[in-house]
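Me: Hi! I have a structure open and would like to talk it through with you. Could you take a look with me?

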Amino acid sequence: FSSVELTDHFLKRINTLDKKVNSFITIDEEGARQAAQQADDRRSAGDNSVLLGLPMAHKDLFCTKGLLTTSGSKILHNFVSPYDATIVSNIREAGAVCLGKLNMDEFAMGSDNESSYYGAVHNPWDLSRVPGGSSGGSAAAVAAGFVPFATGSDTGGSIRQPASFCGLTGIKPTYGRVSRFGMIAYASSLDQAGTFGRSAQDCAYLLQPMAGHDARDATSIKRDVPDYVADLQSAAAQADADKPFSGLRIGVAKEYFGKGLDAEVDANVRAALKQYEELGATIVEVNITDPEITLATYYMLAPAEASSNLSRFDGVRFGYRCEDPKDLADLYTRSRSEGFGVEVQRRILMGTYALSAGYFDAYYTKAQKVRRLILQDFKNAFEKCDVIASPTAPTAAYKLDAALDPVTMYLGDVYTIGVNLAGLPAISMPAGFTESGLPIGLQLIGNHWDDSKLLSTAHIFQ
Ligand code: GLN
């Protein structure tokens, strides 16, 4: 196939079927065809880059020059970015063809993609169910076969949980591995970009050009980037045929199998662990911080950072502005009240409260201290094991109109958020189905910079 043919095939599929899924906010047919033509030209000139000409799409919080970038919000309904996020230009230079921008929970706040101003996304496995969130558009687009892989972002599980709801593999790399420049911030100390694919290998292909130091992101780390695909291929080649995981110690924490875990998810994840064991891995018991403490810490710190990050959307510099403001205060107030959705406003309020004088030490400073202890608990666990396994989410995909109250929705993040607080890498991979045919995800958590190990551990299993 030429890239032009391939791109046309996927665009046609999107144009016919995305009406039912709603995974795209913007379809960039013209840009995609141009990029595909350029890829074909590069190929005829002898360029053999592995991503050259392959279609993909970005979550709509990565700035794309000349293309609408909304972050799922009304407040950015008309924002055409003047520059590219670092990962967007890196992926483009690697030759991949961007077909458009993918739906998401508003400002990446949510777990079901229902907070998007651009409408809910439907899970391709069952259109009456949510695809997960906040990168629900990315997961649904890959699951529906609209693109072979896609980018996402993960602040507290937003890659892993939708990957598990949509039967995909998704990786959230070590914090600092991928540049955040040009990624619209939710909670800067937790946000990390990553990839969705049908397999760990697909995730590795797309992650390769994204990873690496970027002088424009002060938290991005100077450290050599492994060759992820070569690493997983050589790990597979070296592995014993009968016992490919011999020597691998998988940590299992009872804290991850507690109250609230759906019985079918529990059974499938345990069956996957049994298979790992049969293939040579050893299961060891570890302890991690009580998930309820982790949840409380996250829902203190993430909104605090969000309230500060979102102060830039003021109706003055870019995005939505209310009609006929009476004065400056009215302009700020109405632009923000009309431009932000309910969940975003709730988080701004919670975050502002936690940061306000008089409450700062009691809430914010305390949560920062607990965050350090959560990291320490993970570090202690990694003294005993190489990876930690858990369910990715307590349930499979739920119904679109479930209308969960906020706290119940936050509880769904219980297995994923500790990873972000500790800056660790983690991957979610398919691990069976419920009786009604919904995918279930297994999460593997690695120590800092063990991204490659996670990819190969998932790859060999798949
Ligand atoms: N569901 C979590 C939240 O709403 C995580 C979101 C994310 O990772 N962006 O904050």
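Me: How many aromatic pairs does a search of the whole structure find?

Reply: Happy to help! Please keep in mind that this is a predicted model. Searching the whole structure turns up 19 aromatic pairs. One of them is formed by Y353 and Y363, whose ring centres are 5.9 Å apart with 40° between the planes.

Me: Is that pair stacked, edge-to-face or tilted?

Reply: The Y353 and Y363 pair is tilted. Planes under 30 degrees apart would count as stacked and over 60 as edge-to-face, so 40° falls into the remaining class.

Me: Where in the chain do the two tyrosines sit?

Reply: Y353 is in helix α11, while Y363 is in helix α12, which covers residues 360-382. The two are 10 residues apart, and the pair links distant parts of the chain.

Me: And what is the accessibility of each ring's residue?

Reply: Y353 has a relative accessible area of 42%, so it is partly exposed. Y363 is partly exposed too, with 34%.

Me: Which phenylalanines form one aromatic cluster?

Reply: That cluster is made of F79, F107, F313, F318 and F340.

Me: OK, switching to charges. How many salt bridges does the structure hold?

Reply: There are 20 salt bridges. Within helix α11 (residues 342-355), E343 and R346 lie 3 residues apart, about one turn of the helix. Their side chains meet in a salt bridge with an N to O distance of 3.0 Å.

Me: Are those two buried or exposed?

Reply: E343 counts as buried because its relative accessibility is 11%, and the cut-off for buried is under 20%. R346, at 31%, is partly exposed.

Me: Which residues are joined into one network by salt bridges that share partners?

Reply: D8, E29 and R33 are joined that way.

Me: What does R317 form a salt bridge with?

Reply: Its partner is D314, and the closest N and O atoms are 3.1 Å apart. R317 counts as exposed because its relative accessibility is 53%. D314, on the other hand, is buried, with a relative accessible area of 9%.

Me: Got another one for me? Which residue does K453 meet in a salt bridge?

Reply: K453 meets D450, at 3.5 Å from N to O. With a relative accessible area of 30%, K453 is partly exposed.

Me: Now for empty space. What is the volume of the largest pocket?

Reply: The largest pocket has a volume of about 530 Å³. It is lined by 22 residues, and the closest to its centre are K259, G260, P394, L411 and V414.

Me: Which elements give two or more residues to that lining?

Reply: Those are α5 (160-165), α9 and α13 (406-411). The largest share, 3 residues, comes from α13.

Me: What classes do the lining residues of that pocket divide into?

Reply: The pocket lining has 11 nonpolar, 7 polar and 4 charged residues.

Me: How many cavities of 30 Å³ or more are found?

Reply: The search finds 4 of them. The largest cavity has a volume of about 90 Å³, and 14 residues line it. Nearest its centre lie G110, S111, S158, Y298 and D413. By class, the lining of this largest cavity has 5 nonpolar, 7 polar and 2 charged residues.

Me: How much space lies in the second largest cavity, and what lines it?

Reply: The second largest cavity holds about 70 Å³ of space. Its lining includes Y256, I288, P291, I374, F378, V414 and Y415. Helices α9 and α12 each supply at least two residues of that lining. There are 7 nonpolar and 4 polar residues in the lining of the second largest cavity, and no charged ones.

Me: One last thing, about S307. Where is it, and what does it touch?

Reply: S307 lies in helix α9, residues 291-309. Leaving aside residues up to four places away in sequence, S307 touches I348, G351, T352 and L355. S307 counts as buried because its relative accessibility is 10%.

Definitions and conventions:
Residues are numbered from 1 along each chain as its sequence is written. This is a predicted model: local features need pLDDT of at least 70, side-chain atom pairs count only at pLDDT 80 or more; totals for chains, interfaces and linings use all residues. Side-chain values use heavy atoms; hydrogens and water are left out. Helices (H or I, at least four residues) and strands (E, at least two) are DSSP runs, numbered from the N terminus. Buried means under 20% relative accessible area, exposed over 50%, partly exposed in between (1.4 Å probe, protein chains only). Contact means heavy atoms within 4.5 Å. A salt bridge is a side-chain nitrogen of Lys or Arg within 4 Å of a carboxyl oxygen of Asp or Glu. On a 1 Å grid over the protein atoms alone, a cavity is a set of points where a 1.4 Å probe fits but cannot get out, and a pocket is an open set with protein on both sides within 12 Å along at least five of seven lines; lining residues have an atom within 4 Å of a point. Grid points are joined across faces, edges and corners, and a volume is the space filled by probe spheres set on the points. Ala, Val, Leu, Ile, Met, Phe, Trp, Tyr, Cys and Pro count as nonpolar, Asp, Glu, Lys and Arg as charged, and the others, Gly among them, as polar. Rings of Phe, Tyr and Trp (its six-membered ring) pair if their centres lie within 6.5 Å; planes under 30 degrees apart count as stacked, over 60 as edge-to-face and the rest as tilted.
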